[in-house]
Amino acid sequence: MEPAMHADTPRKGSLTAADRAARALGWFSLALGAVELFAPGRLGRAVGLEGRETLLRGYGVREIGAGVAALSDTPAPAIWARAMGDLVDMATLAPAARRSQGAVYALVAVAAITLIDIAVASALTRQTARSAPPRDYSDRSGLRAA
Amino acid sequence: VKALVWHGKQDVRYDSVPDPEIEDARDAIIKVTSCAICGSDLHLFHNMVPGMKPGDIMGHEMMGEVVDVGEAARGKLAVGDRIVVPFTIICGDCDQCKRGNFSVCERTNRNKDIGDKVFGHTTAGLFGYTHLTGGYPGGQAEFLRVPFADTTHVKIPDGISDEQALFLGDIFPTGWQAAIACDIEPTDTVVVWGCGPVGQMAIRSAILLGAERVVAIDRYPERLSMAAAAGAVTIDYTAQNVHETLNDLTDGKGPEKCIDAVGMEAHSPFTVEQAYDRVKTAMMMENDRPHVLREMIYTCRPGGILSVAGVYGGLVDKIPFGQLMNKGLTLRTGQTHVNRWTDDLLHRIEEGEIDPSFVITHTASLADGPELYRTFENKQDSCIKVVLKP
């Protein structure tokens, strides 16, 4: 049995740029979630969502959940979930953008973060994918033939 | 010298570290010729086990050539000897060592006070495995200081290659002890959860110890094919119901002997259970994901034996202890007492009964180590066991 030789170019560390970005997004989620959960009134006034505090608190819980999951050792699903959440946020902000400058700014910011989320989630998915077909090790008994 | 150094979760780097030196008369220094990445290294990689500090050198599966020997170890070791270094550091003198309970040596954990607080009573010092077990630098490095070297070694004769001998330091005796703990009888069905390196060794150990049938459970085709190569019946738990399949194989009675070769990071095919453990571990309300423990207790035949070789870190939740008690199951566990088994296992290798190198799927330089941690973590490239050559 001939062991496979790994011939890729070595890199110095195991942590990738996508990992680091996922962690930054995780901490961002936690911070945003905390604001949504504990200061929904002020946030609502800033982004044209006055009177929708309960909805913002719900979004806060969602953000905190995504943040915790993004800081785990398998962050890709959480970053994809963030991207989906971004779409929900944009759908919520879009009607308010007709009457609130704050909502317009928020909408642009969320759109930019959506692109970042999608880029990071795609990179994480690629780096953890099992792309090659599984090898057959059925010739590797290791035991003396009977 | 160069070494693989832990810097945080999923962050292992190929760094320069200070040269190891003789610090005690019982020490030796080895030039590491081969080392491996263990499945339990992944628990540290995922920061699942407390007590790692940035700068800690990884690795507890290693062998090499002795290049320096402390004065008190000179009768037992000499420069030029080829040795496998057991992952458990043993003094050879304490009550536990005298009983052969080497993995719970009372003297080698230099952070005994922490070990006593965390475990109730300390366990042995371990290489490269947190400050709870001594904070000893590990063997994924060019050179290694071996404390208590006069007792903490297995001499390897020249006719045995590194690849054949290396796993005497951990995974082979771990799988062997897991099978020994099952008190295997000729009519037994032994089920092994997890077909990673320890699972593969447990499968072959159960066969060598005379089990009538060995069943291997995993989800990765390459691992199942390697298990089948030894003669195991395989179950893909993502495609088959484990409990029903094992009942079908045992006339509805369940297997007599069950081995957990998975441990704290088990995946459950049941979405609710998986989500439950993921959320609780993320919220630090549970240390481990004990799906295999739950399934073994439920599936095992009453009066059977559960043998736990997989590593657990702390608190687990929703363990059906009532089932365990009412079914009269015996639970055996522990880190393997490496040196209790190595004479026998080395003899079996020399006799050609088993060649543990079957499990090696990737061999690379130490510098490739960080990348191979990711490959191994993600089960990419059909990776089962990585050996690194410093």
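A salt bridge is counted here when a side-chain nitrogen of Lys or Arg lies within 4 Å of a carboxyl oxygen of Asp or Glu. The exercises below apply to a predicted model.

**Exercise 1.** State what confidence the predictor attaches to chain B and to the complex.

*Solution.* Begin with the chain itself: chain B has a mean pLDDT of 97, and 100% of its residues reach 70 or more. Then turn to the assembly, for which the predictor reports an ipTM of 0.90 together with a pTM of 0.93.

**Exercise 2.** Describe the extent of the interface between chain B and chain A, and find which three residues of chain B supply the most buried area.

*Solution.* In terms of contacts, 50 residues of chain B meet 37 residues of chain A. In terms of area, about 3,700 Å² is buried between the two chains, with carbon and sulfur atoms giving 46% of that figure. Of the area that chain B buries against chain A, 16% comes from Lys9(B), Glu371(B) and Arg374(B), which is more than any other three residues supply.

**Exercise 3.** Determine how many salt bridges join chain B and chain A, and explain why the pair Asp19(A) and Arg374(B) qualifies.

*Solution.* The count between the chains is four. For the named pair, the closest N and O atoms are 2.6 Å apart, and the pair qualifies because the cut-off is 4 Å.

**Exercise 4.** Identify which element of chain B gives the largest share of its side of the interface, and classify the residues there.

*Solution.* Across the interface, 24 residue pairs are in polar contact. Several elements of chain B each supply at least two residues to the side touching chain A, including strand S2 (11-16) and helix H6 (197-208). The largest share, six residues, comes from H13(B). By class, this side of chain B divides into 21 nonpolar, twelve polar and 17 charged residues.

Conventions: Residues numbered from 1 in each chain as written. Chains lettered and ligands numbered in written order. Predicted model: local features only at pLDDT ≥ 70, side-chain atom pairs only at ≥ 80, totals over all residues. Heavy atoms only, no water. pLDDT = per-residue confidence, 0-100. Contact = heavy atoms within 4.5 Å. Buried area = accessible area lost by both parts, 1.4 Å probe. Polar contact = N/O pair within 3.5 Å; in protein donor to acceptor, adjacent residues only side chain to side chain. Helix = DSSP H or I, 4+ residues; strand = E, 2+ residues; numbered from the N terminus. Nonpolar A, V, L, I, M, F, W, Y, C, P; charged D, E, K, R; others polar.
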